[in-house]
Amino acid sequence: MPVGSRFLPLKHLSATRLACTAYPFRIPPLHVPLGRAFHPGPPISSLLSRKLKSSDGDVSVPPPPTDTGADSIGAHEQSEHAVISAFDLFSIGVGPSSSHTVGPMRAGKIFINDLLEHGVLDKVKSLKITLYGSLAATGKGHHTPQAILLGLEGSDPETIDTGTIPSRYQAILDTKHLRLGGNHSIHYNMDKDMLWRWDQVLKTHPNGMRFSVFDENGSLLATNEYFSVGGGFVVNDKTKVDENLFYKGVDKRVVHGARLAQTHSMTDPISDAPPSPTQPPYPFTSGDSLLALTRKHNRTIAQIVYDNERHFGLGPDEITHKLRRIWSVMDDCIRMGVTSAEDKLPGRLGLRRRAPMLYRRLMRGFYPGLATPSMPAIGPGYQVEPIDAPEGAKSSTEDSTLSGTPERVLAARATRVVGSLDHPVLPMPPRKTMIPAMDFLSCYAIAVNEVNASGGRIVTSPTNGAAGVIPAVLKYIIEFISDDPEKSVETFLLTAAAVGMLFKRGSTISAAEGGCQAEVGVACSMASAGFAACMGADPETVLQAAEIGIEHNLGLTCDPIDGLVQVPCIERNSLGAVKAVTAAQLSMASQSVYSVTLDEAIEAMRLTAADMSVKYKETSLSGLARTVKIPLTMPNC
């Protein structure tokens with residue numbers, strides 16, 4: 001059928017219709033006029049006025065209460081328990097964003113797998129990709145085009161060689177050819193075939209994308225919409241409730257049967273029948289119900305999550321292996337960040353990497369080889385500097401002893417005091433202070449997020465933008481507190497996962513829905529709970545730590561400069577990690593005396609997210625993204 005035709009004949013939707021019955025999830029056929037899929041929309045000024053156009057009608061931001069309103073965020077899972085697999089919440093992917101990179105790459109591969117399954121792929125001659133809302137507004141800085149195209153070529157976020165991403169993407173741009181599924185080659189012109197609708201938001205979620213494929217005559221073969229809802233999860237309109245069934249992988253058929261229990265959508269009636277035998281043994285819907293389970297069954301929170309994982313078909317050895325694998329990737333990410341030889345992060349900001357410098361200063365005085373072979377010890381008399389000195393104030397002898405026998409520093413450089421010495425209030429002389437454990441904590445978080453910003457291997461925890469908080473706090477525990485690291489890793493990750501599940505059900509883990517409180521705020525809450533659990537706190541205190549962690553991140557906006565996951569994201573992870581440890585310490589010192597519960601804080605976050613302007617939800621339209629005077633990166637189309 002010609003592209004300009006008004007409606008799609010049913011025969012061209014056979015692939016998507018078949019998909020509705022062949023899989024445990026449902027892909028709704030899109031009976032839409034092609035003109036509506038690709039028509040030019042209103043100017044971006046409509047976005048600034050917080051009145052956005054939806055492909056199915058008008059949607060206000062926040063939405064009107066009679067339609068989706070404040071209840072839209074988090075409401076898609078309110079009819080179900082919060083339990084998902086911890087290995088869905090913590091999944092291995094690539095940077096810089098879980099919602100703008102990992103999710104779109106998974107969506108691309110899922111779409112191609114569906115076409116291949118129904119014998120449509122060989123007929124495809126052209127492809128149109130449309131990005132909506134936040135995906136379009138900040139997608140370029142978040143590497144969304146690279147992710148989608150490589151996903152369509154068959155790559156998976158967990159296994160892709162991150163070092164090949166730039167060259168593969170550049171080859172697609174240069175040759176104007178795309179190999180769907182890795183085999184079927186089609187002509188693809190990035191400038192014409194990828195459409196950016198930052199002025200338009202689909203109703204299901206701000207991170208919407210539509211894939212449409214056509215035959216040699218321009219007739220539509222199949223089309224579908226996907227929504228990247230945060231943390232690497234991908235859904236469509238009919239799978240808003242049960243995305244945990246399969247979407248942290250790309251093959252629905254390999255999912256264990258116990259994870260196929262949540263099969264209804266928002267429009268399906270909720271049955272009052274007894275719980276299905278496929279339901280996990282310890283389902284919880286809130287912090288209070290989770291706490292009740294721990295008391296009733298004499299379990300820790302980590303034990304509750306562990307037993308649910310067993311129900312999902314994982315044996316003890318497999319659970320242990322997966323947890324250690326997650327921690328291994330996190331630890332490797334920290335190591336890569338602190339030993340990087342690159343000076344700057346990619347992007348127009350030209351942001352200097354700080355983790356290697358911070359780590360070198362922290363490791364001064366340690367024996368050579370204990371950290372990295374390339375960082376030798378500093379000799380006697382060498383002055384420890386936990387914070388880098390200004391460029392003009394560096395000692396000429398500072399780097400003279402990095403090889404061979406170090407020479408002793410004979411005289412200290414005079415200290416410069418800022419302020420008048422002829423004044424009743426004398427200026428304070430500079431002091432070089434260092435709190436080693438906390439300095440390492442900040443360094444670890446910065447290291448992870450610098451690797452993420454450069455598109456490296458990362459663990460969504462629960463998102464990529466907040467991926468530095470949890471690894472930093474866990475590394476802090478292992479290095480400075482724990483005498484049983486393996487036990488600490490299991491307890492920390494399983495406990496943190498339980499808290500993350502509560503936020504995913506009760507609110508959101510997507511910055512495009514809730515701002516940075518949904519990413520760094522949630523990560524801080526999860527890390528606080530994990531820290532308290534590793535310190536032996538009881539479940540009530542653990543949940544109180546989680547509450548403190550999120551309470552003091554409420555209202556945190558997402559306004560990345562130039563659409564890059566760099567400023568303020570990297571430093572914000574460092575502060576989130578420090579705040580997580582402080583929150584846990586406060587909870588353990590409070591002796592179970594508190595005024596706000598975790599459930600109340602999660603609900604407050606949901607309401608705050610609903611009231612927050614769209615300009616502060618990962619669109620780079622205001623805040624720092626506007627005041628720093630770097631224009632929003634938008635592609636020409």
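Guide: Let's start with one term: a residue counts as buried when its relative accessible area is under 20%, and as exposed when this value is over 50%. One thing to keep in mind is that this is a predicted model.

Visitor: Thanks! How do I read the side chains along a strand, and which ones of β6 are buried?

Guide: In a regular strand, side chains alternate between the two faces of the sheet. Now look at strand β6, residues 184-187. His184 and Ile186 point to one face and are buried. Ser185 and His187 point to the other face and are not buried.

Visitor: Which strand is joined to β6, and in what direction do the two run?

Guide: That is β5, residues 177-180, which runs antiparallel to β6 and is joined to it by 4 bridges. You can pick out one pair by eye: Leu178 has Ile186 as its bridge partner in β6. Together β5 and β6 make a hairpin, with 3 residues between the strands. In the turn sits Gly181, whose phi is positive, about 65°.

Visitor: Let me zoom out for a moment. How many helices and strands does the protein chain have?

Guide: There are 22 helices and 11 strands. Of the 637 residues in the chain, 56% are buried. The chain exposes about 26,800 Å², and carbon and sulfur atoms supply 54% of that area. Now take the contacts in the chain with a separation of 6 or more: 74% of them come from residues 24 or more positions apart.

Visitor: How should I read a sheet with several strands? What is the strand order in the open sheet of 5 strands?

Guide: Try walking across the sheet from one side to the other. The order is β7-β4-β8-β9-β10, and the pairing is mixed. At the edges you find β7 (194-197) and β10 (233-235), each of which pairs on one side only. Neighbouring strands of this sheet are turned by 20° against each other on average, direction ignored.

Visitor: How many bridges join β8 to β9?

Guide: Count 7 bridges between β8, residues 208-214, and β9, residues 220-230; these two strands run antiparallel. To find your place, start at Gly208, whose bridge partner in β9 is Phe227.

Visitor: Which helix lies across β4, β7 and β8?

Guide: That one is α7, residues 144-152. Its direction is at about 145° to β4, which covers residues 126-132.

Visitor: Now for two helices together. At what angle do α11 and α16 pack?

Guide: A useful rule is that angles from 65 to 115 degrees count as roughly perpendicular. Helix α11 (residues 301-311) and helix α16 (residues 485-506) pack at about 80°, with their axes 8 Å apart. The two helices are therefore roughly perpendicular to each other. In α11, the residues that meet α16 are Ile301, Ala302, Val305 and Tyr306. They face Thr491, Leu494, Thr495, Ala498 and Met501 in α16. Sorted by class, this contact has 7 nonpolar, 2 polar and no charged residues.

Visitor: Where can I find cis peptide bonds?

Guide: Look just before two prolines. One of these bonds goes from Gly95 to Pro96, with omega near 10°. Pro96 lies in the loop between β3 (91-94) and α5 (98-117). Another goes from Val567 to Pro568, with omega near 5°. Pro568 is in the loop between α19 (539-551) and α20 (569-589).

Visitor: You mentioned a positive phi in a glycine. Which residues other than glycine have one?

Guide: Gln591 and Ser620 are examples to look at. Phi of Gln591 is near 55°, and this residue is in the loop between α20 and α21 (598-611). For Ser620, phi is about 55°, and the residue lies in the loop between α21 and α22 (624-627).

Visitor: Are Gln591 and Ser620 buried or exposed?

Guide: Gln591 has 69% relative accessibility, so it counts as exposed. Ser620 has a relative accessible area of 5%, so it is buried.

Visitor: One last stop: what surrounds Ala601?

Guide: Ala601 is in helix α21, and it is buried, with a relative accessible area of 3%. Leaving aside neighbours within four places in sequence, Ala601 is in contact with Glu547, Ile550, Leu554 and Val596. Also find Ala546: it is 55 residues from Ala601 in sequence, and their C-alpha atoms are 9.4 Å apart in space.

How values were computed: Residues numbered from 1 in each chain as written. Predicted model: local features only at pLDDT ≥ 70, side-chain atom pairs only at ≥ 80, totals over all residues. Heavy atoms only, no water. Pairing = 2+ DSSP bridges. Axes fitted to C-alpha atoms, helices over the stretch in contact; angles between N-to-C directions. Contact = heavy atoms within 4.5 Å. Parallel < 35°, antiparallel > 145°, perpendicular 65-115°, else oblique. Nonpolar A, V, L, I, M, F, W, Y, C, P; charged D, E, K, R; others polar. Buried < 20%, exposed > 50% of the residue type's maximum accessible area, 1.4 Å probe, protein only. Areas by Shrake-Rupley, 256 points an atom, 1.4 Å probe, with all protein chains shown as cover.
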